[in-house]
Amino acid sequence: MASEYKRYARALWLLAMLCACCALSGCRRNTAGGVNVMGSTSIQPFAEVLADEFNSRHPSSRIDVQGGGSTMGIQSVTNNLAQIAMCSRELKSSESRYLKPIIIALDGMAVVVHKDNTVSNLTREQVREMFVGNITNWSQVGGEDRPIRLITREEGSGTREAFAKLVMNNQRVSRKALTQESNGAVKELVRGDRAAIGYMSLGLVNDEAKIVNIEGIVPSTDNVRNGSYPLVRPFLFVVRMGAVLSPAAKEFLEFVLSPQGQHLLVEEGLVSVL
Amino acid sequence: MTRQAISNPLHADEGADNGAPPPQINAPRHRRQLRIPPDVAQRIVVGGLWAIAMSAVAVLLFIIVFIMVKGLPHVTPEFLLQAPAKGGRLGGVSPMIFGTIAVAGLAVLIAGPIGVITAIYLTEYTRESKLTAFIRFGADCLAGIPSIIFGLFGFVFFADTLGLGISIISGALTLALMVLPTIIRTSEEAIRAVPAAFRDVSFGLGSTRWQMVTRVVLRSALPGIGTGIVLSIGRSISETAALMLTSGMVARHPSSVFDSARTLALHFFTLSREGISMPKAYATAAVLVLAILMINLLAYWFMRRFIARVR
Amino acid sequence: MRASQGMPKRSPLGAWLDRKQDLFISSILLVVALSAISGLVVITAFIFKEGLPIMLQVGVGKFVSSSDWYPAEGHFGIFPMIMGSLAVTAGALVIGGVLGLGCAVVLTQFCPRWAVSILKPSIELLAGIPSVVYGFIGVVILVPMIRVHLGGPGLSVLASSIVLGIMMLPTVTSISVDALQAVPKAYRDGSIALGATHWQTTRMVILKASRSGLVAAMILGMGRAVGETMAVIMVAGNTLDVPDSILAPVRTLTSNIALEMGYAAGDHRKALFATGVVLFVIIMILNTIALTVSRRRSRRKSGA
């Protein structure tokens with residue numbers, strides 16, 4: 001009966017599909033014209049804006065922006081899976097032996113509290129004592145009588161490493177601190193909790209949270225650029241030392257560091273390196 | 001005996017369902033265990049169970065309504081047909097819709113047949129042994145491994161070692177591995193639930209094992225297998241962590257399975273967690289929920305048709 | 001019967017296939033099954049290969065019992081995360097198990113058929129809602145509610161248990177429904193005919209007969225809860241302390257892995273894989289317990 005053959009056909013089709021899967025795994029991806037940019041999720045949204053603009057100017061080339069985290073980016077540059085890595089932390093000494101960092105922008109870091117919090121200025125030392133766990137109540141820094149709730153970023157994130165270096169003097173952050181994995185998450189928590197204090201990328205703070213002045217200095221773009229605001233970190237593009245970049249990758253890097261590219265980043269709230 | 005008289009109406013209620021006559025025999029074993037009269041217990045328990053079921057449904061309804069109310073106003077034709085711009089703050093989600101279908105569809109196309117065949121082999125073609133028990137056990141354990149580990153594996157193995165790159169095919173293969181345990185286990189459960197008598201009768205009529213499996217066992221087990229597959233479609237669509245590193249984040253229409261594609265769930269994740277745009281995030285979630293609704297309906301329709309045809 | 005109808009029209013190829021059929025088919029099936037299983041074996045091996053060395057280097061006992069997790073300083077101890085995972089999973093199992101099983105019993109035993117055909121698909125549909133959406137709603141609605149009404153930071157064991165419980169509900173329900181439906185109708189009719197009420201029948205006959213399926217449902221649901229990542233990261237708070245109440249924030253094994261994996265390098269990365277190994281072992285232990293319990297009960301039942 002016909003259905004009999006159908007069954008065998010189905011079995012054969014299945015086999016064919018399996019073979020196809022195996023065959024697919026054998027063939028290499030054709031990467032001509034495409035440039036993979038991979039790494040830090042905090043730089044990714046900015047890189048996407050840059051890539052969009054670049055792609056629309058150069059329709060023949062293709063910049064693909066991937067996330068995954070700083071280390072995944074560096075790993076894929078090492079393995080040739082990507083040409084450019086995005087890195088929001090500084091390179092480790094073992095990495096800087098064979099990788100070249102390019103600073104594409106500066107990012108100010110804001111210490112943020114709830115909108116209704118009466119505290120509007122803190123010293124670096126006060127922030128450190130809070131995050132170490134020695135200052136535990138807002139009244140100790142001139143605020144309302146309310147226990148302080150700390151919000152930190154995950155171990156290894158560029159934001160946290162910058163905070164550890166600039167504020168904590170590499171002292172440990174209290175075990176009681178809540179850990180969030182993104183700027184948006186920190187903002188969401190601070191927005192709803194009157195006891196909270198956290199730190200996040202300056203460009204991403206809006207009027208839902210209050211930015212605290214550090215040592216009396218307002219964390220504005222100008223103060224970041226002229227160096228008077230202390231909490232600043234670089235955003236890096238990383239390429240392999242001595243690697244031959246494709247023309248498209250080279251052009252993209254040039255575009256990022258050009259006035260037009262930098263202008264896009266400034267529009268997004270970062271600080272230009274020009 | 002009076003107790004039965006009271007409980008009769010309740011049975012009459014259910015009687016339409018099973019056609020059983022009202023009980024006339026006392027059951028002394030039950031009386032020892034229950035201080036509350038069984039019919040009262042029945043009412044209390046059934047009430048409680050309905051309350052549980054309804055509260056579950058209410059929570060789930062709330063989630064859907066919440067997403068729809070917040071998101072649907074922002075879902076416009078342009079949103080569905082345009083590519084995102086400015087990191088997702090402007091534009092729409094059309095590449096992500098395409099990417100989601102490609103990645104999840106391919107994953108289930110790969111994992112479905114393989115998973116069901118494995119289940120058939122484990123239940124019908126081998127005797128129950130230490131090995132099958134071990135395989136089942138391993139599959140259960142893998143079901144609990146966080147998806148990010150699958151993602152890392154996919155990145156190292158499919159994207160890097162096999163050279164598939166960060167692409168739809170890498171993502172689909174990773175997802176396939178992820179949902180394989182679920183498909184194997186649910187299919188196995190469904191196949192095992194087919195009464196042994198069916199098999200005996202089939203063999204008795206002179207059918208080969210394969211005929212018995214395809215014509216008797218699979219036919220009865222189909223709804224259960226279908227459930228497993230629908231669950232895996234859902235899991236594939238909603239996955240984020242495993243895809244971040246395998247199918248990637250590129251928000252453009254892919255031109256082949258070797259292109260990277262961002263799925264709707266990943267898009268929602270980026271928009272909401274990095275705080276890029278809340279309205280767009282809600283709108284993406286609404287599209288996602290609608291897409292899942294449509295895919296499930298389609299799956300049910302196909303299954304119904306299939307079941308109707310084979311029966 | 002139907003098999004014999006097809007016989008006369010077979011081609012020689014078909015006839016040959018018929019003769020060799022069983023061997024032929026079973027070998028194809030074996031190949032497919034082996035490929036599936038080898039996929040699972042490879043990923044298991046991958047996790048252990050990446051994770052075990054650092055675990056042995058630190059010392060298994062120290063790795064599991066120390067509360068110091070300072071990867072930058074080379075301190076790897078995951079005791080708080082183990083406790084966190086257990087607490088959250090237990091909570092989720094209570095919520096999701098009760099809700100899921102309740103739904104399944106209602107759907108199969110106390111519900112008109114038309115309602116089943118609406119309710120069951122809609123519950124399965126919810127399995128497709130992304131965990132990030134569940135987590136997001138948890139953050140936006142549940143966490144502020146807990147913070148305002150119950151105190152604490154809101155991000156807590158309770159919040160994660162509720163979110164995970166709801167997430168595992170579709171899994172538990174749909175698999176339980178299948179298990180309950182697989183109980184032969186004769187069992188139920190027999191019990192009803194013996195004078196048991198509908199609930200007595202459900203409790204004493206149907207739930208018992210479908211136990212292995214229900215245990216599988218719970219295990220798979222529990223697996224989803226233990227292994228869930230994105231939603232937990234959002235609502236758990238991820239502190240490094242062992243939780244001392246259900247309102248305290250908590251870090252689970254999975255959130256530890258997913259939080260730091262993107263940035264980790266060297267020993268830190270290996271330690272995160274080692275966390276995965278511990279997770280694997282915990283799930284193994286849970287599964288073993290569940291299996292033994294269900295097996296012992298069924299043996300006692302058959303002995304009685």
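This report walks through a predicted model, starting with chain B and its two interfaces and ending with a few single residues.

**Chain B as a whole**

Let's start with chain B, where the secondary structure adds up to 13 helices and 2 strands. The chain has 311 residues, and 60% of them count as buried. If you look at contacts in chain B between residues at least 6 apart in sequence, 71% of these join residues at least 24 apart. On the outside, chain B exposes about 12500 Å², with carbon and sulfur atoms supplying 70% of that area.

Part of the nonpolar surface can be pinned down to a patch of about 320 Å², made by Leu72(B), Leu290(B), Leu293(B) and Leu297(B). One of these, Leu290(B), sits in helix H13 of chain B, which covers residues 278-310. Leu290(B) counts as partly exposed because its relative accessibility is 33%, and the bounds for that class run from 20% to 50%.

**Two interfaces**

Chain B touches both chain A and chain C, and the numbers for the two interfaces are easiest to read in a table. As a reminder of the yardstick, interface size is often quoted as the accessible area lost when the parts come together.

| Interface | Buried area | Share from carbon and sulfur atoms |
|---|---|---|
| Chain B and chain A | about 3400 Å² | 54% |
| Chain C and chain B | about 8500 Å² | 77% |

Take the chain A side of things first. Here 37 residues of chain B are in contact with 42 residues of chain A. Which residues of chain B lose the most area to chain A? They are Phe258(B), Arg273(B) and Glu274(B), and together they account for 19% of what the chain B side buries.

As for charged pairs, the interface of chain B and chain A has 1 salt bridge. The side chains of Arg262(B) and Glu48(A) meet in a salt bridge, with an N to O distance of 2.4 Å. Between chain B and chain A there are also 3 residue pairs in polar contact, counting pairs with both residues at pLDDT 80 or more. Several elements of chain B each supply at least two residues to the side that touches chain A: strand S1 (84-85), helix H5 (94-125), helix H7 (147-161), helix H10 (209-238) and helix H12 (264-273).

Now for the other interface. The contact takes 96 residues from chain C and 97 residues from chain B. How many salt bridges are found across the interface of chain C and chain B? The count is 0. Polar contacts between chain C and chain B come to 3 residue pairs, again with both at pLDDT 80 or more. On the chain C side, the largest share of the residues touching chain B comes from helix H2 of chain C (residues 12-58), which gives 17 residues.

**Two threonines**

Thr263(B) lies in the loop between helix H11 (241-244) and H12 of chain B. Is Thr263(B) buried or exposed? With a relative accessibility of 2%, Thr263(B) counts as buried, since the cut-off for that class is under 20%. Setting aside neighbours within four places in sequence, Thr263(B) is in contact with Met96(B), Gly99(B), Thr100(B), Val103(B), Glu239(B) and Leu243(B).

Over in chain C, Thr108(C) is placed in helix H4 (residues 79-109). Thr108(C) also counts as buried, because its relative accessibility is 15%. Its side chain makes a polar contact with the side chain of Gln109(C) at 3.2 Å. Beyond neighbours within four places in sequence, Thr108(C) is in contact with Val177(C), Leu180(C), Gln181(C) and Arg188(C).

**Two positive phi values**

Backbone angles next. Most residues other than glycine have a negative phi, so a positive value is worth a look.

Glu215(A) is not a glycine, yet its phi is positive, at about 50°. Glu215(A) is found in the loop of chain A between strand S9 (210-214) and helix H8 (221-225). With 42% relative accessibility, Glu215(A) counts as partly exposed.

Asn238(C) likewise has a positive phi, near 55°. Asn238(C) is placed in the loop between helix H11 (230-236) and helix H12 (253-261) of chain C. Where Glu215(A) is partly exposed, Asn238(C) is buried, with a relative accessible area of 0%.

Conventions:
Residues are numbered from 1 along each chain as its sequence is written. Chains are lettered from A and ligands numbered from 1 in the order in which they are written. Side-chain values use heavy atoms; hydrogens and water are left out. Patches are made of residues with over 30% relative accessible area and no salt bridge: like charges are joined within 9 Å, nonpolar side chains (Val, Leu, Ile, Met, Phe, Trp, Tyr) within 5 Å. Accessible areas come from the Shrake-Rupley method with a 1.4 Å probe; for residues, only the protein chains shown count as cover. A salt bridge is a side-chain nitrogen of Lys or Arg within 4 Å of a carboxyl oxygen of Asp or Glu. Helices (H or I, at least four residues) and strands (E, at least two) are DSSP runs, numbered from the N terminus. Buried means under 20% relative accessible area, exposed over 50%, partly exposed in between (1.4 Å probe, protein chains only). Contact means heavy atoms within 4.5 Å. Buried area is the accessible area (1.4 Å probe) that two parts lose on being put together, summed over both. A polar contact is a pair of N or O atoms within 3.5 Å; within protein, one must be able to donate a hydrogen and the other to accept it, and residues adjacent in sequence count only if both atoms are side-chain atoms.
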